[in-house]
Amino acid sequence: MTATIAPVLEGVAGDFRPARGEARRTAWLSLGALGIVFGDIGTSPLYALKETFVGHHHMAVDPTRVFGVCSIIFWTMILVVTLKYVAIMMRADNKGEGGSLSLLALISRHSGPGKWTAGLTMLGVFATALFFGDAMITPAVSVLSAVEGLEILDPAFERFVIPGSIAILILLFAIQKRGTEKVGAVFGPIMLVYFAVLAVLGLRSILATPEIFAALLPIWGIRFIATDPVLAFFALGSIVLAVTGAETLYADMSHFGRRPIRLAWLLVAFPTLMVNYLGQAALLLRQPGAVENPFYLLAPDSWRFPLVILATIATVIASQAVITGAYSVIRQAVQLGLFPRLKVLHTSARAEGQIYIPMVNWALLVTVALLVLTFRTSSNLASAYGIAVTGTMFITTVMLAVVLRRLWKWPLLPAAALVLLFGIVDGVYFLSNLTKFADGGWFPLLVAAIAFTLLTTWARGRTLVHRRLGHANMPMPIFVKSVEHGIHRVRGTAVYLTASKEGVPPSLLHNLKHNQVLHESILLLTVSVLDVPHVREEDRVDVEEMGCGMKRVILRYGFSEDPDIPAALAAAKPILGPLPPMTTSYFISRQTVIAAKKPGMAKWRERIFAWMVRNSATAMEFFKLPPNRVVELGSQVEI
């Protein structure tokens with residue numbers, strides 16, 4: 001076990017010894033990571049400890065419970081965040097990319113088909129579906145918990161909490177189309193100030209009650225659980241709010257890299273968060289009545305209004321990170337064939353990851369606003385929070401088991417021991433959150449069920465459509481022989497987009513049938529998305545001569561890239577020759593899906609798939625084809 005875990009710990013220790021010349025760059029990236037990666041977990045002190053005592057299951061504020069809760073928070077941060085995600089999961093990157101879909105692609109690429117492959121795929125897709133429930137709740141609960149600080153200033157301000165939160169959220173979503181490149185540059189410094197304030201507030205309280213340091217001993221957590229195991233089990237559903245956002249450390253790895261995120265966590269986020277939790281716990285030992293809002297009551301009266309402003313800005317930053325993450329996950333799902341094509345806008349000419357998806361943006365705003373109006377307080381929303389997070393954590397542990405054994409070749413005993421440890425922790429937290437199902441926990445599960453249905457329906461529907469079209473494909477050698485003589489050829493190049501790498505595209509056959517002509521040069525083009533985030537330019541294009549002026553072209557992209565067919569063809573000029581824009585036409589097929597009684601999917605799923613096809617972005621928009629050079633040919637497909 002020691003020999004197996006040693007390289008992991010050495011890797012973390014090595015992050016504190018950056019190469020000469022890399023220290024400054026690493027510091028800047030770590031500062032940026034504070035602003036993007038740690039917003040969610042960084043704003044947890046606003047509500048986590050409060051909800052543990054006055055939330056779903058009320059709990060008396062006494063020394064045993066205060067010490068016990070604080071101890072469990074500390075050791076959860078050690079086991080779940082530091083050991084599982086920072087030390088281990090961040091080594092399971094897919095060429096620098098993290099997250100459930102990326103991890104699924106990594107496992108699929110290295111392990112190949114097997115009896116567990118389908119089950120793992122479903123788990124990975126369900127983890128992605130759970131993310132959408134989390135993405136809706138995080139902005140709502142974060143902003144609400146910050147604005148509720150107004151009630152501490154003056155109870156009369158209570159009537160402004162809901163409209164103020166809605167106004168902030170509308171403004172946040174409205175500015176998304178302008179991009180976050182400029183404001184993102186100040187996220188890091190603002191969050192650094194925020195974390196420093198957390199530490200100062202916590203230290204002031206700890207100095208008044210230094211005995212709270214004893215809460216770092218695990219015996220207090222054990223004693224709390226042993227004293228009242230049932231109440232402790234229910235309390236875990238709120239304690240886990242202290243580590244919401246842990247999955248983000250892994251999912252956002254591609255933006256900053258492993259080392260900057262690890263350093264930002266170990267040197268800034270973790271110590272300042274823990275000092276603040278200890279400070280809140282010390283305050284509760286002195287003033288049990290402060291449990292109504294221990295975060296804001298840590299501050300002197302004169303500090304509270306500026307603290308409300310700073311906390312609100314921090315929650316906006318945390319919400320921004322979740323919104324940006326939703327865009328990235330949707331783009332990955334589209335590229336991996338799990339979701340229909342959507343209109344994607346780039347908000348920065350320099351940063352590839354700066355994207356904006358209008359449909360996702362406004363759908364999130366509507367659901368977040370409805371959540372605020374329906375649940376009305378952060379305490380009510382906290383009951384809905386946690387199920388999606390802990391469910392994703394548990395699925396990640398299952399997928400980690402495959403990584404340890406199949407990819408890293410760990411011996412069975414240490415791999416099983418580690419997975420069992422993480423599985424017990426994640427499983428208990430998940431089961432505890434299920435007790436909040438009737439009080440709002442149903443919402444993220446409902447969102448996840450809808451998202452899972454859409455993702456799997458689209459993937460299955462695409463498979464059926466490609467199978468139906470494949471059955472009707474004419475073999476290429478037969479087609480080449482049939483057009484060698486007697487077919488009129490016109491000048492220029494025709495690019496026929498096709499999903500299949502074999503046979504003749506339906507659009508080519510339809511064009512020949514109706515217009516009785518072929519272009520002098522014909523490219524049968526297939527865009528292939530690989531299970532890696534990025535593809536090197538030298539590996540982008542493959543060309544195969546088919547004869548009779550026809551070539552089959554394969555364009556390869558990673559699942560984090562946006563296909564740009566004209567740009568890729570221009571870059572392949574040495575292989576393909578010149579393709580003058582004014583003499584190059586693009587032919588695409590637009591299928592109308594008809595639900596039929598053929599075996600494939602349930603009728604209701606076929607109707608959902610047909611609706612998704614009708615509302616997906618066109619191939620012209622998605623592949624950035626010039627509108628005045630596109631010919632669209634329609635056909636009907638029964639599934």
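This briefing looks at one helix, one surface patch and one loop residue. The model is predicted. Helix α27 has a buried side and an opposite face with exposed residues. A nonpolar patch of about 500 Å² lies on the surface. K343 sits in a loop between a helix and a strand.

**Helix α27**
- Helix α27 runs over residues 603-615, which makes 13 residues.
- From first C-alpha to last, α27 reaches 19 Å, close to the 18 Å expected at 1.5 Å a residue.
- Its buried residues are E606, F609, A610, M612 and V613.
- These buried residues lie on the same side of α27, because they cover an arc of only 160 degrees around the axis.
- R607 and R614 are exposed, on the face turned away from the buried side of α27.

**The nonpolar patch**
- Six names make up this surface patch: L153, F157, F160, F305, I309 and I313.
- Helix α17 gives the largest share of the patch, with 3 residues.
- F160 belongs to the loop between α8 (149-153) and α9 (161-174).
- F160 counts as partly exposed because its relative accessibility is 39%, and partly exposed means between 20% and 50%.

**Residue K343**
- The loop that holds K343 joins α17 (301-335) to β1 (345-346).
- K343 has a relative accessible area of 47%, so K343 is partly exposed.
- Leaving out residues up to four places away in sequence, K343 touches Y356, I357, P358 and A617.
- K343 and V37 are 306 residues apart in sequence. In space, their C-alpha atoms are 26 Å apart.

Methods. Residues are numbered from 1 along each chain as its sequence is written. This is a predicted model: local features need pLDDT of at least 70, side-chain atom pairs count only at pLDDT 80 or more; totals for chains, interfaces and linings use all residues. Side-chain values use heavy atoms; hydrogens and water are left out. Helices (H or I, at least four residues) and strands (E, at least two) are DSSP runs, numbered from the N terminus. Buried means under 20% relative accessible area, exposed over 50%, partly exposed in between (1.4 Å probe, protein chains only). Contact means heavy atoms within 4.5 Å. Patches are made of residues with over 30% relative accessible area and no salt bridge: like charges are joined within 9 Å, nonpolar side chains (Val, Leu, Ile, Met, Phe, Trp, Tyr) within 5 Å. Accessible areas come from the Shrake-Rupley method with a 1.4 Å probe; for residues, only the protein chains shown count as cover. A salt bridge is a side-chain nitrogen of Lys or Arg within 4 Å of a carboxyl oxygen of Asp or Glu. The expected span of a helix is 1.5 Å times one less than its number of residues. The arc is that of the directions from the helix axis to the C-beta atoms.
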